[in-house]
Amino acid sequence: MRKLKTEELGRVGIEDFKKQEKLPLAVILDNVRSMHNIGSIFRTSDGFAIEKIYLCGITAQPPHREIEKTALGATQSIEWIYFENVCDAINNLKSDGYTIIAIEQAENSTMLNNYQPDNSQKFALIFGNEVNGVSDEAMNMIDTCIEIPQFGTKHSFNIVVSAGIVLWDFFAKLKLQ
C-alpha cells in the first residue's frame, strides 16, 4: 500500500472551500484557554466543512502564532466570530434557527450514539473550558445536551478529541446516511 502524496488528495483551495456547501453546524468555544486546542478545533472544523466557529469569553482569536501552530491555515478557511459573552453568541444562533447543543456530562444528557440529528435543522455545538466544561450560563440556554460515552478511568476527553468525535458523528449521520 502506498501513501498518497499531498497533490493527490484533491483538496479544494480556500476560495472554493468558502463557496462549497457546508455541514449545517456551528461550533461554540466557551472560554477555551489553550490556543493549541483552539487551533486544532479550527483544523478539525475545516476537515468536516462546518459553517462557522464562535469564539467566546477568554477564547483567543486569530491571528496568533500559537493558534496557527495547530490550525495550519484553517483560520483562513473557517469563518469565525468573537463574542465576549457566550449567551450573546447563543442568542445570535437561536435567532438564526440553530438548535443549541452542549457537549457535556449532565443530568438527562443523551448519549452521542443515541442522538439522531434531523437533516432539516441547523446545529450549534458548545464545547467548554478544559477544566470547568460548558459554563452554567450556557447550560441554562441549551436545547439539549449530548454526552460522549466513556468506559475508562478518566472522567473526560480532551476538548479536541471531543470535538473530533462529535463532528465526525454529526458528519456521518447528516451526510453519509
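In this predicted model, a good part of helix H2 is tucked away from solvent: Asn37, Ile38, Gly39, Ser40, Ile41, Phe42, Thr44 and Ser45 are buried. These buried residues pack against a mix of elements, namely strands S1 (23-30), S2 (50-56) and S3 (79-83), along with helices H3 (65-71), H4 (74-77) and H7. As for its length, H2 has 13 residues, which at 1.5 Å a residue should span 18 Å, and the 18 Å between its end C-alpha atoms agrees with that.

One of the partners, helix H7, deserves a closer look. The axes of H2 (residues 35-47) and H7 (residues 159-175) come within 9 Å of each other and cross at roughly 15°. Angles under 35 degrees count as roughly parallel, and the two helices are therefore roughly parallel to each other. Their crossing is right-handed. On the H2 side, the contact is made by Asn37, Ser40, Ile41, Thr44 and Ser45, while H7 brings in Ile159, Val160, Ala163, Gly164 and Leu167. Sorted by character, the residues of this contact come out as five nonpolar and five polar, with no charged ones.

Then there is Gly39, which also sits in helix H2. Gly39 has a relative accessible area of 0%, so it counts as buried. Setting aside neighbours within four places in sequence, Gly39 is in contact with Ile67, Thr70 and Ala71. Thr70 is 31 residues away from Gly39 along the chain, yet the C-alpha atoms of the two are separated by just 4.8 Å.

Terms used. Residues are numbered from 1 along each chain as its sequence is written. This is a predicted model: local features need pLDDT of at least 70, side-chain atom pairs count only at pLDDT 80 or more; totals for chains, interfaces and linings use all residues. Side-chain values use heavy atoms; hydrogens and water are left out. Axes are lines fitted to C-alpha atoms, for helices over the stretch in contact, and angles run from 0 to 180 degrees between N-to-C directions. Helices (H or I, at least four residues) and strands (E, at least two) are DSSP runs, numbered from the N terminus. Angles under 35 degrees count as roughly parallel, over 145 as roughly antiparallel, 65 to 115 as roughly perpendicular and the rest as oblique. A crossing is left-handed if the near helix is turned anticlockwise from the far one by less than a right angle, and right-handed if clockwise. Contact means heavy atoms within 4.5 Å. Ala, Val, Leu, Ile, Met, Phe, Trp, Tyr, Cys and Pro count as nonpolar, Asp, Glu, Lys and Arg as charged, and the others, Gly among them, as polar. The expected span of a helix is 1.5 Å times one less than its number of residues. Buried means under 20% relative accessible area, exposed over 50%, partly exposed in between (1.4 Å probe, protein chains only).
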